[in-house]
Amino acid sequence: MDDELNRPAACPVEHRLVLDPTGRARDAESAELFARGPATPVDILGVPAWAVADPALLEELLKDPRVSKDPLLHWPDFERLVPDWPLALWVSARNMFTAHGADHRRLRRLTGAAFSTRQVAELADRIEELTGELLNAIALTPPGTAVDLRERLAHPLPIRVIAHLLGLPDTLRERFRHHVDRVFATTLTPQEAAANAAAFYGMLDQLIAAKRARPGEDLTSALIAVRDTEGDGGALSEEELRDTLLLIVSAGYETTVNLVDNAITLLLTHPEQLDLVRAGKAGWEDVVEESLRHDAPVAHLPLRYAVEDIALPGGVTIRRGEAILAAYAAAGRHPARYGADGAVFDVTRPVKDHLAFGHGPHFCLGAPLARLEARTALRALFERFPRLALLPGAELEPVDSLISNGHRSLPVLLTQDH
């Protein structure tokens, strides 16, 4: 191996910020990232990386060709660290999330059409229908009884939309959800994570076999057709087929769950902001964008890798082969871009730009769909239940994840009378 890649780490182990796998130290970690400068050495469940929270720098690195997402090509620690790492699936899957250059463009092109502006717009009626069904069920709750809106709205809406796109049968939908939740969990042992990945792949194989036998008008069948028509020498390998489906199910579900969850929470804990929306001084799009900025659905996204040495402001150098962690939650509140009130939720904030969906070549394909789902769910929820309130005394605990940024539950009362 190149001696350049065997150089000692740029920062001693004792100087690395150890990220809390439970997500409970996120605000303190963000403050530490702000204080330490443009890039901070961190420990991610035993794996070293550079966390970048400064939004201007992060934006540049996300589109820099000297930064790759392919660990097989550009992360020399891959074979040494990944076998015993609970987040192995995040870097070992072979899809557009971990591809670089021409491979990334090829894989992104195969799924891009399904998330085009036209295709997303055509889903609007279906999303309205699904939202209405969920709210009708919620409305049957006896007066004074708490409703968990993460479980009853934020969770089921995105998974049903993704199931519709992929042609997932109802019998598999909840099992897929279970495995996706565990992909994002960062408190599993390596053995638990590996067992979950194996079970997840088993379900994907079951789905692929079913769609090969009986194709439908869905994205799964379309990807299988590409694979089976063009074969190993064509556009999609069998491994890439499985891992592309894994990515669409995972990324198209968990992030939107957190977006809806966080937006509802922010409005209920900041009623003056909800009043601004109701008075017409801000729109639901403003709520969605400010929620994305204030509480990015993905707090930290592993991983990227330096293709060559990258000199940063302040004399820091990310060396070739070192890993980079996008610290989206911290970036969304960074005082360098948002000022001293960056941690304040303000739907009338003039600058609500953010990196919650990434930037550059890997910008999230599903961003328009997530935004549409969130706008639809929020508008319908607060119109249907205008006196919605958090359950008094409820403690909103984060999910056990340094990646996923949401709550374990979101208990509410449909009216404030009880």
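**Reading the sheets and helices of a predicted model**

Strand β2 (residues 39–44) is joined to β3 by 6 bridges, and the two run antiparallel. This is a predicted model.

User: How do you know that β2 and β3 count as paired?

Analyst: Two strands pair if there are at least two bridges between them. β2 and β3 have 6 bridges, so they meet that cut-off. You can find one facing pair yourself: proline 41 stands opposite tryptophan 50 in β3. The hairpin of these strands has 2 residues between them, and leucine 45 there takes a positive phi near 55°.

User: What makes β3 "mostly covered"?

Analyst: Buried means under 20% relative accessible area, and 5 of the 6 residues of β3 are buried.

User: Which strands make up the open sheet that holds β3, and in what order?

Analyst: There are 6 strands, in the order β1-β2-β3-β9-β6-β4, with mixed pairing. At the edges stand β1 (17–18) and β4 (67–68); each has a single partner strand, so one side of each is left without a neighbour in the sheet.

User: Why is the pairing in this sheet called mixed?

Analyst: Strands of a sheet can pair either parallel or antiparallel. Here β3 and β9 pair in the parallel sense over 3 bridges, while β6 (residues 301–306) and β9 (residues 323–326) pair in the antiparallel sense, also over 3 bridges. Both senses occur, so the pairing is mixed.

User: Which residues of β9 face those of β3 and β6?

Analyst: Towards β3, alanine 51 stands opposite leucine 325, and valine 52 has alanine 326 as its bridge partner. Towards β6, tyrosine 305 stands opposite alanine 323, and leucine 301 has alanine 326 as its bridge partner. As for side-chain directions, Ala323 and Leu325 point one way from β9, Ile324 and Ala326 point the other way, and all are buried.

User: Where does helix α2 lie?

Analyst: Helix α2 (residues 55–62) lies across β3 (47–52), β4, β6 and β9, and runs at about 115° to β3.

User: Why are α8 and α10 called oblique to each other?

Analyst: The axes of α8 (residues 124–139) and α10 (residues 156–166) come within 10 Å and cross at roughly 140°. Angles over 145 degrees count as roughly antiparallel, and 65 to 115 as roughly perpendicular. The crossing falls between those ranges, so the helices are oblique. Residues making the contact include Leu130 and Leu134 of α8 and Leu157 and Val161 of α10. The crossing is right-handed.

User: How do you know that histidine 407 is buried?

Analyst: Its relative accessible area is 13%, and buried means under 20%. Histidine 407 is therefore buried. To locate this residue, look in the loop between β10 (389–390) and β11 (411–413).

User: What makes the link between histidine 407 and aspartate 261 a polar contact?

Analyst: The cut-off for a suitable pair of N or O atoms is within 3.5 Å. The side chains of histidine 407 and aspartate 261 are joined at 2.7 Å, which fits. Beyond its sequence neighbours within four places, histidine 407 is also in contact with residues including Arg150, Leu396 and Val399.

User: Which sheet do β10 and β11 belong to?

Analyst: They sit in an open sheet of 3 strands in the order β5-β11-β10, with antiparallel pairing. β5 (147–148) and β10 are the edge strands, each pairing on one side only. β5 and β11 pair over 2 bridges, with valine 147 opposite valine 412. Since at least two bridges are needed, β5 and β11 count as paired.

Notes: Residues numbered from 1 in each chain as written. Predicted model: local features only at pLDDT ≥ 70, side-chain atom pairs only at ≥ 80, totals over all residues. Heavy atoms only, no water. Helix = DSSP H or I, 4+ residues; strand = E, 2+ residues; numbered from the N terminus. Contact = heavy atoms within 4.5 Å. Axes fitted to C-alpha atoms, helices over the stretch in contact; angles between N-to-C directions. Buried < 20%, exposed > 50% of the residue type's maximum accessible area, 1.4 Å probe, protein only. Polar contact = N/O pair within 3.5 Å; in protein donor to acceptor, adjacent residues only side chain to side chain. Parallel < 35°, antiparallel > 145°, perpendicular 65-115°, else oblique. Left-handed = near helix turned anticlockwise from the far one by under 90°.
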